Amino acid sequence: MPSMDANGTSAIVTGGASGLGEATVRKLTSMGVRCTVFDRNESLAEKFASEMGGKTNYVAGDVTNPEDCQKAVDQAASEGSLRIAVNCAGVGWAGRVVNRDNSPHDLSPFQLIQNINLIGTFNVMTKAASAIAATEPLEDGERGVIVNTASVAAFDGQIGQLAYSASKGGIVGMMLPAARDLSVLGIRVNTIAPGLFDTPLLGLLPQPQKEELGRSVLFPKRLGNPAEYGELVGFLVSCSYLNAEVIRLDGGIRMPPK
Ligand SMILES: NC(=O)c1ccc[n+]([C@@H]2O[C@H](COP(=O)([O-])OP(=O)(O)OC[C@H]3O[C@@H](n4cnc5c(N)ncnc54)[C@H](O)[C@@H]3O)[C@@H](O)[C@H]2O)c1
């Protein structure tokens, strides 16, 4: 089967110090990939890198800062042939169009969420693609792959998800033009839209509430395990025919209005 052999290549994983990004790093490392974690939580990134025993390195920085992004991409490119970029850095926000007191949604949190989730993905995708473009193509012309993280909220935005859904919808919208732009370079672009995953993002919820959320999933009736996200990234990296696709990874859930 024609597939991209990731063994010995380098990857940048944003948000790689926690949750879905961390699971991605674990999976890619098991495939022989040298990962650079790019995360704003320096202490977590450092702890994780030392746990990985030198198989992973990290750059502390913010995806909203283009210079930090360039630094992280340069680091990843210096670790080996950079062929993989996975964007997992992201944050949530709850706020309605009109608040309970009829005041309008503040612009600043809306902008902040677009800045981190959407512009952060843009920053790293563009800079990583530029570095991947400089690598030698593989036998079939492939140079690499970019995986972005949206959310089922891009399609099933719930009450209070105005800012979050807009940012994730933007990530879905960027995918096809990005895949088309990068096709001449042999770089694929795919997007994962996760449902409900048991990561620190949901960690503040008490266990009974997590279980209740799990029961709302079609099948299996539980939250997603971050390792399942890592598995999908591994498959998206390896399977060269998968391009310009958004995959819901959600146990079949369709989010209700609230
Ligand atoms: N967990 C879920 O159920 C779920 C569902 C759908 C989508 N997602 C998306 O998946 C992605 C990962 O989520 P997670 O659940 O693993 O969250 P998480 O909080 O466990 O991990 C996110 C990581 O991103 C880092 N980060 C946040 N903002 C950053 C910035 N500006 N610059 C650099 N690093 C930054 C954090 O420090 C953290 O380590 C997010 O984009 C999230 O929106 C998660």
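Guide: Welcome! A polar contact is a pair of N or O atoms within 3.5 Å. Keep that cut-off in mind as we walk through this predicted model.

Visitor: What makes the pairing of Thr-199 with the ligand a polar contact?

Guide: A polar side-chain atom of Thr-199 lies 2.5 Å from an oxygen atom of the ligand. The limit is 3.5 Å, so this pair counts as a polar contact. The protein covers 94% of the 820 Å² of accessible area that the ligand has on its own.

Visitor: How do you know that Leu-20 and Asp-62 make polar contacts with the ligand too?

Guide: The test is again 3.5 Å between N or O atoms. For Leu-20, a backbone N or O atom is 2.8 Å from an oxygen atom of the ligand. For Asp-62, an N or O atom of the side chain is 2.8 Å from a nitrogen atom of the ligand. Both distances are within the cut-off, so both pairs qualify.

Visitor: Which residues come nearest to the ligand, and what kinds of residue make up its shell?

Guide: Ser-18, Asp-39, Tyr-164, Phe-197 and Thr-199 come nearest, out of 27 residues around the ligand. The shell divides into 13 nonpolar, ten polar and four charged residues. Helix 1 (19–30) and helix 5 each supply at least two of them.

Visitor: Why is Leu-162 called partly exposed?

Guide: Its relative accessible area is 38%. Buried would need under 20% and exposed over 50%, so Leu-162 falls in between. This residue lies in helix 5 (residues 162–183). Together with Val-97 and Val-98, Leu-162 forms a nonpolar patch on the surface, with about 240 Å² of accessible area.

Visitor: Why is Asn-102 called exposed?

Guide: Asn-102 has 62% relative accessibility, and the threshold is over 50%, so the label is exposed. Look for Asn-102 in the loop between strand 4 (81–87) and helix 4 (107–133).

Visitor: What makes Asp-198 and Lys-210 a salt bridge?

Guide: Side chains of opposite charge can pair when their charged atoms come close. Here the N to O distance is 3.1 Å. A salt bridge needs a Lys or Arg nitrogen within 4 Å of an Asp or Glu carboxyl oxygen, so the pair passes. The two are twelve residues apart and link distant parts of the chain: Asp-198 sits in the loop between strand 6 (187–194) and helix 6 (207–215), and Lys-210 in helix 6.

Visitor: Are those two partners buried or exposed, or in between?

Guide: Asp-198, at 36%, is partly exposed. Lys-210 has a relative accessible area of 12%, which is under 20%, so Lys-210 is buried.

Visitor: How do you know that Arg-248 and Asp-250 form a salt bridge?

Guide: Their side chains meet at 2.7 Å, N to O, and the cut-off is 4 Å, so the pair is a salt bridge. Salt bridges with shared partners join Asp-156, Arg-248, Asp-250 and Arg-254 into one network. Asp-250 counts as buried at 11%, whereas Arg-248 is partly exposed at 24%.

Visitor: How many salt bridges does the whole structure have?

Guide: A search finds ten. Among them is Arg-222 with Glu-228, at 2.7 Å. Arg-222, at 36% relative accessibility, counts as partly exposed, and Glu-228, at 32%, is also partly exposed.

Technical notes
Residues are numbered from 1 along each chain as its sequence is written. This is a predicted model: local features need pLDDT of at least 70, side-chain atom pairs count only at pLDDT 80 or more; totals for chains, interfaces and linings use all residues. Side-chain values use heavy atoms; hydrogens and water are left out. Patches are made of residues with over 30% relative accessible area and no salt bridge: like charges are joined within 9 Å, nonpolar side chains (Val, Leu, Ile, Met, Phe, Trp, Tyr) within 5 Å. Accessible areas come from the Shrake-Rupley method with a 1.4 Å probe; for residues, only the protein chains shown count as cover. Helices (H or I, at least four residues) and strands (E, at least two) are DSSP runs, numbered from the N terminus. Buried means under 20% relative accessible area, exposed over 50%, partly exposed in between (1.4 Å probe, protein chains only). A residue is near a molecule or strand if one of its heavy atoms lies within 4 Å of it. A polar contact is a pair of N or O atoms within 3.5 Å; within protein, one must be able to donate a hydrogen and the other to accept it, and residues adjacent in sequence count only if both atoms are side-chain atoms. Ala, Val, Leu, Ile, Met, Phe, Trp, Tyr, Cys and Pro count as nonpolar, Asp, Glu, Lys and Arg as charged, and the others, Gly among them, as polar.
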